[in-house]
Amino acid sequence: MKPAIKIDHLSKRYRIGGLHPGYVTFREVIGSVVTAPFRKLKGTNGQQTVWALNDVKLQIGEGELVGIIGHNGAGKSTLLKILSRVTRPTTGSVELFGRIGSLLEVGTGFHPDLTGRENIFLSGAILGMRRAEIERKFDEIVAFSELEKFIETSVKWYSSGMYVRLAFSVAAHLEPEILMMDEVLAVGDAAFQQKCLDKMHEIRQQGRTILFVSHDMAAITRLCKRVVLLENGRITCDGEPHEVVNHYLSSSLKTGASREWANGAEAPGDEVVRLRRVRVRAETGETISVVDIRKPFGIELTYEVLEDGHALVPVLEFYNEAGTELFSTHDTQPDWRRRERPRATYTSTVWVPGNLLAEGSLLGHVSVMSHFPSTKLHLSERNAVAFQVVDSPAGDSARGDYLGPMPGLMRPLLDWTTETNETEELSPKSKVQSPKSAQDS
Amino acid sequence: MDVQTSKDRGPAITTAASAKPRATDLSNSAANAAPERHSLIKSEEAGVQLNLGELWHSRELLYFLTLRDIKVRYKQTLMGLAWVIIQPLMTMLIFTLVFNRFVKFDTGALPYPLFALSGLLLWLFFANAVTNSTNSLVSNANLITKVYFPRLYIPAAAVGAGLVDLSVSFLLLVALVFYYGVTLTVNLLLLPLFILLMTVLALGVGLLSAALTVKYRDLRHALPFIIQLWMFASPVIYPARIVPAGWQWLLTINPVAGIIEGFRAALTGQPLNRPHVAIAAAISFALLVFSVYVFRRFEDTFADVI
C-alpha cells in the first residue's frame with residue numbers, strides 16, 4: 001500500500017511549571033538570568049518537562065480510515081497538531097503525501113462580525129484554499145449548509161447550529177488527500193449528522209485517507225478498519241478495532257470482572273452502606289469476564305449496612321463501550337422491599353437473561369438508594385465492573401448463520417413466524433429483479 | 001514551522017490539485033495518477049527555515065486577512081470609513097491650534113496645517129500599523145492554535161489595512177494641497193517611494209514586536225509610550241531644522257525622520273536630503289530582513305506559548 005503518512009520517531013516535549021506555563025515577562029527573564037547560574041549548579045533548570053508524544057512510529061496507507069483513541073492527555077491532540085503543522089515536533093519527522101486538512105475545530109477563522117459569505121472566503125483561505133477554488137465551490141458550500149437565506153447575515157446572529165453547519169460545510173469542501181477529524185460528528189441535528197457521515201463516506205470512497213479521533217467507541221469501531229491506541233504519548237496498541245477498543249477499555253477503566261475493596265474506609269458508600277465487592281458470575285458460581293451471549297449471568301454485589309433502619313434498593317446500570325446506557329435495573333423483590341434492613345453484610349445478585357445484550361464491552365455502574373423518608377443515594381460507583389459479551393457462531397443465537405456485523409444495542413432472540421400460501425398466483429418470474437441486478441442498473 | 005514543499009513539484013502541483021473539478025468528478029481525479037504534494041515536517045532540531053516560497057504560494061491569504069481587518073474595523077460604526085479622514089484631520093487641527101497659534105514654527109514652504117498633515121498621515125499610518133500588528137497575533141490566538149498557515153500574514157495584514165486607510169486619508173492631503181495652492185513638481189512622483197519605505201519600516205517594526213509580544217506580553221503595555229516617544233523624536237509636527245545641531249544625529253539614525261522629511265520634500269519640490277533618505281531606506285530594509293528572520297524563528301513556538 002502506498003503510504004499517506006509516515007511518522008518517524010516523533011516526540012514532542014512541553015515545558016510545564018512556573019507561574020505562566022508559556023509566556024514570561026521581562027522581569028522574570030531578568031530574574032531568571034540572575035539565578036540561572038545557581039540553578040545550573042544545582043543541576044536543574046527549574047522547569048519540568050512533559051513528553052506529550054514519545055518516540056511515536058506510525059505509517060498510514062493511502063485510503064485507510066484509522067481511528068485514534070486514548071485518554072485525555074494521551075497525546076492525541078498533540079499528534080493532530082503536529083500533523084496539521086500547528087506546532088512543531090521536538091524530535092523526529094513526519095512525511096505527508098498529499099494535502100492535509102483538518103476538521104479539528106470547526107469555525108476556525110470565522111469572524112462574528114462578517115457575513116456568511118465573507119466568512120466562507122476568509123475561513124476557506126485560512127484553511128488553505130485558493131480564491132478561485134472557493135469561488136468555484138461557493139454554491140456547493142452554501143447548499144450543503146442549507147443557509148442560502150442567511151448568507152448575507154453576520155454570523156454573530158446565527159444560531160449555534162447554523163454556525164456549525166456553515167463552518168463544517170467550508171471544512172468539508174476542502175477536499176484534502178488526508179483528512180483529520182476530531183469529534184466533529186457530535187455537531188448539529190440528526191439530519192445534519194447523517195449528511196456529515198455521508199460526506200465522510202464520500203471522501204472515503206474517493207480513496208482519501210482519514211484520521212478520526214474520537215471518544216465515541218461505537219463510531220470508531222463502526223467506521224474504522226484500524227484503530228491506534230495512544231497512552232502517555234506512546235502507541236500501545238494498533239490493530240483491529242474491537243481488540244484495540246477492548247484493550248483500551250480494560251486498561252483505562254482499571255476495572256475487570258471482579259472488584260473488591262479491602263479497606264472499608266476507602267470503599268464507596270456513606271455512613272449507611274459500603275460496597276465491598278462486585279463481580280460478574282456465571283450460573284455455576286465462578287467469576288467470569290467473558291459472557292456467552294446465549295447464557296444468563298449475574299452481577300453480584302456484596303455490601304455492608306452500617307446503620308439500622310433503612311430500606312435499601314440496590315441498582316445496576318449497564319453501559320456499552322460507546323458510553324450509551326443500555327438499561328438500569330432496581331431490586332424490586334418483595335423480600336427486602338420497603339423493609340428496614342438490620343446491620344449486616346448482604347449479597348445481592350441481579351440476573352441478566354441470555355440473548356438480551358449485544359456483543360461488545362459492557363460496564364456496570366452500581367448504586368444503592370433508599371426511598372424513605374425521601375429518596376437518597378447512598379453510594380454510586382461508576383464502572384464498577386467490566387466484561388465482554390461474545391457471540392457464538394453455532395447458529396443458535398440471534399444472528400443465526402450470519403457472521404457479519406450486527407447493528408443494535410440489544411440482541412434479543414425473538415420469535416419469527418412464517419405462513420405459506422400456495423393458492424395465490426405468483427408474479428411472473430422475469431419481472432422480479434434480484435437485488436443485485438437492481439444495483440447494477 | 002517548516003514544511004518543505006519539494007521544489008520540483010511544489011506550487012505547480014498544488015495548483016493542479018486544487019484545480020480539481022467539482023466533487024462529483026472527484027472520484028475520477030483521485031483515481032488518476034493522483035497529483036501528489038509531498039511534504040516533510042521537520043523537528044525543532046532542524047533549525048529555522050524561511051520558506052519564502054510558501055509565503056508566495058499563500059499570498060491570497062494576505063488579501064483576505066487585510067480585507068477582514070478593514071471590514072471588521074468599520075462594521076457597526078455610523079460613519080464607517082469616514083473615521084479614516086476624521087482621525088488625521090482632528091489631530092492636525094489640534095496641532096495647528098497649539099503650534100500655529102500659541103507657539104510658532106517656521107515650516108518653510110508649507111503652511112503649518114499642510115506641514116502637520118503631511119507628517120501626520122505617514123506617522124499615524126506607521127503608529128497604527130505597528131500597534132495593530134503588535135496586538136494581532138495575541139488577538140488571533142484561537143486561529144494560531146487551531147490551524148496552520150503562514151502566521152507572518154496576520155501582522156502583515158494589520159499593516160496592509162493601515163495602507164488602505166492611508167490611501168483614503170491621502171485624499172485629505174490632496175484637498176489641502178489644492179486649498180493652499182502648493183506648486184506641484186515632478187518630485188511628486190517620489191511620494192509612493194516614501195510610502196513604500198514607511199510600509200517596509202512599519203512591517204519591520206510590527207513583525208518584530210508582534211513576535212516578541214507572543215512571548216513577552218510586556219511589550220503591549222510599553223508600546224504606547226515607545227510610540228509616543230518615537231513621535232516626538234521625529235519631525236512629525238515640528239520641522240527638523242529646529243532640532244539643535246548636537247541632536248541632529250538622532251534624526252539621521254531615525255528612519256521615520258528621513259522618510260517624513262523626504263515625503264515633505266517631494267511634496268514641495270525641494271531638494272532631497274539624499275544621504276538621509278538612503279540611511280532611512282537601508283535601516284528599514286535591514287530591519288525587515290532581520291524581523292522576518294526573528295519572526296520565522298519564533299513562529300514555531302507560537303502555538304505552544306500563546
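Two strands pair if DSSP finds at least two bridges between them. The exercises below apply this criterion, among others, to a predicted model.

**Exercise 1. Describe the open sheet of four strands in chain A, and identify the bridge partner of A:Thr302.**

Solution.
1. The strand order of this open sheet is β10-β11-β13-β16 in chain A, and the pairing is antiparallel.
2. Its edges are formed by β10 (258-260) and β16 (344-352) of chain A, each of which pairs on one side only.
3. On average, and with direction ignored, neighbouring strands of the sheet are turned by 20° against each other.
4. Between strand β13 (residues 297-305) of chain A and β16(A), nine bridges are found, in the antiparallel sense.
5. Within β16(A), A:Thr347 is the bridge partner of A:Thr302.

**Exercise 2. Determine the sense in which strand β1 of chain A pairs with β2(A) and with β4(A).**

Solution.
1. Strands of a sheet pair through backbone hydrogen bonds, in either a parallel or an antiparallel arrangement.
2. Strand β1 (residues 3-16) and strand β2 (residues 48-61) of chain A run antiparallel and are joined by 10 bridges.
3. For A:Arg13, the bridge partner in β2(A) is A:Trp51.
4. With strand β4 (residues 91-97) of chain A, β1(A) pairs over five bridges, again in the antiparallel sense.
5. Opposite A:Ile7 stands A:Val94 of β4(A).

**Exercise 3. State whether the faces of strand β5 of chain A are covered or open, and give the direction of its pairing with β6(A).**

Solution.
1. Strand β5 comprises residues 100-103 of chain A; on one side lie A:Ile100 and A:Ser102, on the other A:Gly101 and A:Leu103.
2. All four of these residues are buried, and both faces of the strand are covered.
3. β5(A) and strand β6 (residues 178-182) of chain A run parallel and are joined by four bridges.
4. A:Met180 in β6(A) stands opposite A:Ser102.

**Exercise 4. Compare the expected and actual span of helix α5 of chain B, and establish what covers its buried residues.**

Solution.
1. Helix α5 of chain B (residues 82-102) has 21 residues, so at 1.5 Å a residue it should span 30 Å.
2. The end C-alpha atoms of this helix are 29 Å apart, which agrees with the expectation.
3. The buried residues of α5(B) are B:Val84, B:Pro88, B:Met92 and B:Phe95.
4. Their cover includes α6 (112-139) and α8 (153-179) of chain B.

**Exercise 5. Classify the packing of α6(B) and α8(B), and decide whether B:Ser136 is buried or exposed.**

Solution.
1. The two helices pack at an angle of about 165°, and their axes are 8 Å apart.
2. Angles over 145 degrees count as roughly antiparallel; α6(B) and α8(B) are therefore roughly antiparallel to each other.
3. Their crossing is right-handed.
4. B:Ser136 is situated in helix α6 of chain B.
5. A residue is buried if 20 or more other C-beta atoms lie within 10 Å of its own. B:Ser136 has 23 such atoms within 10 Å and is therefore buried.
6. Leaving aside residues up to four places away in sequence, B:Ser136 touches B:Ile154, B:Pro155, B:Ala158 and B:Ala210.
7. B:Leu219 lies 83 residues from B:Ser136 in sequence, and the C-alpha to C-alpha separation of the two in space is 13 Å.

**Exercise 6. Summarise the composition of chain B and its burial.**

Solution.
1. Chain B contains 13 helices and two strands.
2. Of its 306 residues, 38% count as buried.
3. Among contacts in chain B between residues at least 6 apart in sequence, 80% join residues at least 24 apart.

Methods. Residues are numbered from 1 along each chain as its sequence is written. Chains are lettered from A and ligands numbered from 1 in the order in which they are written. This is a predicted model: local features need pLDDT of at least 70, side-chain atom pairs count only at pLDDT 80 or more; totals for chains, interfaces and linings use all residues. The expected span of a helix is 1.5 Å times one less than its number of residues. A residue is buried if 20 or more other C-beta atoms lie within 10 Å of its own, exposed if 12 or fewer, and partly exposed in between; C-beta atoms are placed from the backbone. Two residues are in contact if their C-beta atoms, placed from the backbone, lie within 7 Å. Axes are lines fitted to C-alpha atoms, for helices over the stretch in contact, and angles run from 0 to 180 degrees between N-to-C directions. Angles under 35 degrees count as roughly parallel, over 145 as roughly antiparallel, 65 to 115 as roughly perpendicular and the rest as oblique. A crossing is left-handed if the near helix is turned anticlockwise from the far one by less than a right angle, and right-handed if clockwise.
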